[in-house]
Amino acid sequence: EMQKLPNVKIPKNYPQLTTRRVHVAEWVEGEKLSQSKAADVSELVELGVVTYLTQLLDTGFFHADPHPGNMLRTNDGQLCILDFGLMTVITEDQKFGMIEAIAHLIHRDYERIGEDFVKLDFIPPNVDTRPIVPALGRVFDAALQGGGAKSINFNELAADLAEITFSFPFRIPPYFALVIRAIGVLEGIALVANKDFAIVDESYPWIARKLLTDPSPRMREALRYMVYGNSKRFDADRLVDMLQALERFQNVKEITSRHDDIHPGNLAPRALPGGSTSTALSNAIVPLQTIPQQSDSASAREALKFFFGKDGVLFRDFLLDEVVASLDAAARSAYRPSGNSRVDEFLRKLAPELDDDDRTSLSNAGILYQFFLDSRRGPTLSGVQRAGQSLGINPQTIRTLAPLLLEHRAELRLFSAQIFAKLAEKQIGRTLGAFVDVIAPLPPSPRNLPGTATS
């Protein structure tokens with residue numbers, strides 16, 4: 001699996017010559033990465049990190065001994081990983097558990113992290129996690145200072161977690177001891193090349209892809225929690241952050257399929273309108289001017305290509321209610337009183353005043369609109385393009401998106417039908433309620449009847 005990554009060399013294994021004590025593999029010419037003076041060492045170090053994340057979050061077969069002596073720079077500039085004698089298997093349940101824990105960590109939901117640690121075998125089953133939660137909170141609060149979950153130093157975190165084992169029924173499971181050791185070594189090597197390196201930041205594209213495309217109930221619930229958190233309020237900024245990370249992953253996949261010498265650290269973040277960028281995309285390891293940049297319309301095309309493509313089925317289902325809520329709020333916000341009190345009273349039941357949730361939906365819709373359509377001003381054109389510009393859409397974006405929308409017209413038609421069906425359901429419910437109030441209004445409360453005594 002690692003051989004599919006660009007610029008990675010895995011020595012051929014000879015199982016017929018390998019025994020329990022002796023591992024026999026292909027001889028590879030090169031020099032230790034830790035001793036190399038080549039100009040591309042920092043790039044190869046971060047490529048090593050990407051390679052190990054692929055094992056941890058994708059394949060589940062993990063090289064557990066990644067010290068500097070087991071990484072070579074080959075004579076032709078590839079990264080060679082040696083010594084596959086110490087391996088560990090990461091189960092699907094453990095991979096899911098780590099992703100769920102990261103989602104809970106981002107929201108600082110330490111009670112759920114206590115539950116995650118039970119699932120990940122840090123805490124024995126049937127142990128009351130409530131006394132442990134405050135200690136975990138102190139450890140993670142310290143780890144999260146200065147940049148959130150993506151800035152966690154795993155070496156320091158592992159040491160702090162080890163301290164808890166002396167006071168609570170908390171243990172480091174064998175598989176995770178190997179994982180945390182490997183990640184700690186990799187992080188230490190990478191920090192030498194890049195002082196701003198953060199392992200969670202590098203893993204974010206893989207996590208985003210898993211959350212946005214995995215159909216399992218467990219990952220769908222994790223996605224919902226990641227975007228809504230405990231507040232149950234949709235967070236468009238966090239969703240955009242995940243979408244940008246996914247875009248980064250998709251770019252890597254496409255470039256890898258062409259066997260180009262590049263990896264996630266080489267990819268420049270896509271700027272949002274207004275100049276902001278996703279915090280998940282901050283580690284470029286080559287000069288940005290050497291990386292081909294996508295135009296605004298091309299970026300918009302890629303975002304919508306995912307949304308209406310086969311990988312976006314789950315995401316469309318997930319976003320449907322939010323789209324309906326924002327369109328409903330936008331329609332109701334356009335209501336203007338007629339001046340007739342009885343008519344206005346009836347119409348207001350059909351278009352209730354906006355509340356805080358409605359205003360949040362409108363704000364979220366604006367954020368997603370900017371992300372998907374990259375709205376920038378351009379030269380004035382005619383017809384549909386002029387109408388598009390009045391919405392803040394670059395005419396070039398319209399020209400670029402037209403073939404894409406035609407290509408996915410079946411998915412677009414189905415999604416539109418789902419939106420209209422849900423909007424109609426909302427409005428029919430309000431209309432029936434309004435007519436019921438007119439035809440059969442509720443009787444007044446007994447305490448409001450004339451002559452009724454009140455206490």
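Helices, taken as H or I, are DSSP runs of at least four residues, and they are numbered from the N terminus. In this predicted model, Ser361 belongs to one such run, helix H13, which covers residues 356–373. The legends below begin with the whole chain and then turn to single regions.

**Figure 1. Overview of the protein chain in the predicted model.**
The secondary structure of the protein chain amounts to 16 helices and 6 strands. The chain has 455 residues, of which 45% are buried. Its exposed surface is about 23600 Å², and carbon and sulfur atoms supply 56% of that area. Of the contacts between residues at least 6 apart in sequence, 70% join residues at least 24 apart.

**Figure 2. The open sheet of 4 strands.**
The strands follow the order S1-S5-S4-S2, and their pairing is mixed. Strand S1 (8–9) and strand S2 (30–32) are the edge strands, each pairing on one side only. S1 runs parallel to strand S5 (residues 79–81), and 2 bridges join the two. Within this pair, Lys9 stands opposite Cys80 of S5. At the other edge, S2 and S4 are antiparallel and pair over 3 bridges. Here Lys32 stands opposite Leu72 of S4.

**Figure 3. The hairpin of S4 and S5.**
S4 and S5 run antiparallel and are joined by 3 bridges. Met71 stands opposite Ile81, a residue of S5. The hairpin has 4 residues between its strands, and Gly77 takes a positive phi near 85°.

**Figure 4. The two faces of S4 and the helix across the sheet.**
In a regular strand, side chains alternate between the two faces of the sheet. Both faces of S4 are covered. Met71 and Arg73 lie on one side, Leu72 and Thr74 lie on the other, and all of these residues are buried. Helix H1 (residues 41–59) lies across S1, strand S4 (71–74) and S5. The helix runs at about 45° to S5.

**Figure 5. Packing of helices H2 and H7.**
Two packed helices are described by the angle between their axes and the distance between the axes. Helix H2 (residues 92–106) packs against helix H7 (residues 199–213) at an angle of about 105°, and their axes are 11 Å apart. Angles of 65 to 115 degrees count as roughly perpendicular, and H2 and H7 are therefore roughly perpendicular to each other. From H2, the residues Glu92, Phe96, Ile99, Ile102 and Ile106 meet Tyr204, Ile207, Lys210 and Leu211 of H7. By class, this contact of H2 with H7 comprises 7 nonpolar, no polar and 2 charged residues.

**Figure 6. Packing of helices H7 and H8.**
The axes of H7 and helix H8 (residues 217–228) cross at roughly 115° and come within 8 Å. H7 and H8 are therefore roughly perpendicular to each other. Tyr204, Lys210, Leu211 and Leu212 of H7 meet Met219, Ala222, Leu223 and Met226 of H8. The contact of H7 with H8 divides into 7 nonpolar, no polar and 1 charged residue. Tyr204, Lys210 and Leu211 are among the H7 residues that meet H8, and these three are also among those that meet H2.

**Figure 7. The surroundings of Ala101 in helix H2.**
Ala101 has a relative accessible area of 13%. Since buried means under 20%, Ala101 is buried. When residues up to four places away in sequence are not counted, Ala101 touches Ile113 and Asp116. Ala101 and Ile113 are 12 residues apart in sequence, and their C-alpha atoms are 5.8 Å apart in space.

**Figure 8. The surroundings of Ser361 in helix H13.**
Ser361 counts as buried, at 10% relative accessibility. Leaving aside neighbours within four places in sequence, Ser361 is in contact with Glu322, Ala325 and Ser326.

**Figure 9. The surroundings of Arg430 in helix H16.**
Helix H16 spans residues 409–439 and contains Arg430. With a relative accessible area of 18%, Arg430 is buried. Apart from neighbours within four places in sequence, Arg430 is in contact with Asp328, Arg332, Lys349, Leu350 and Pro352.

Terms used
Residues numbered from 1 in each chain as written. Predicted model: local features only at pLDDT ≥ 70, side-chain atom pairs only at ≥ 80, totals over all residues. Heavy atoms only, no water. Pairing = 2+ DSSP bridges. Contact = heavy atoms within 4.5 Å. Axes fitted to C-alpha atoms, helices over the stretch in contact; angles between N-to-C directions. Parallel < 35°, antiparallel > 145°, perpendicular 65-115°, else oblique. Nonpolar A, V, L, I, M, F, W, Y, C, P; charged D, E, K, R; others polar. Buried < 20%, exposed > 50% of the residue type's maximum accessible area, 1.4 Å probe, protein only. Areas by Shrake-Rupley, 256 points an atom, 1.4 Å probe, with all protein chains shown as cover.
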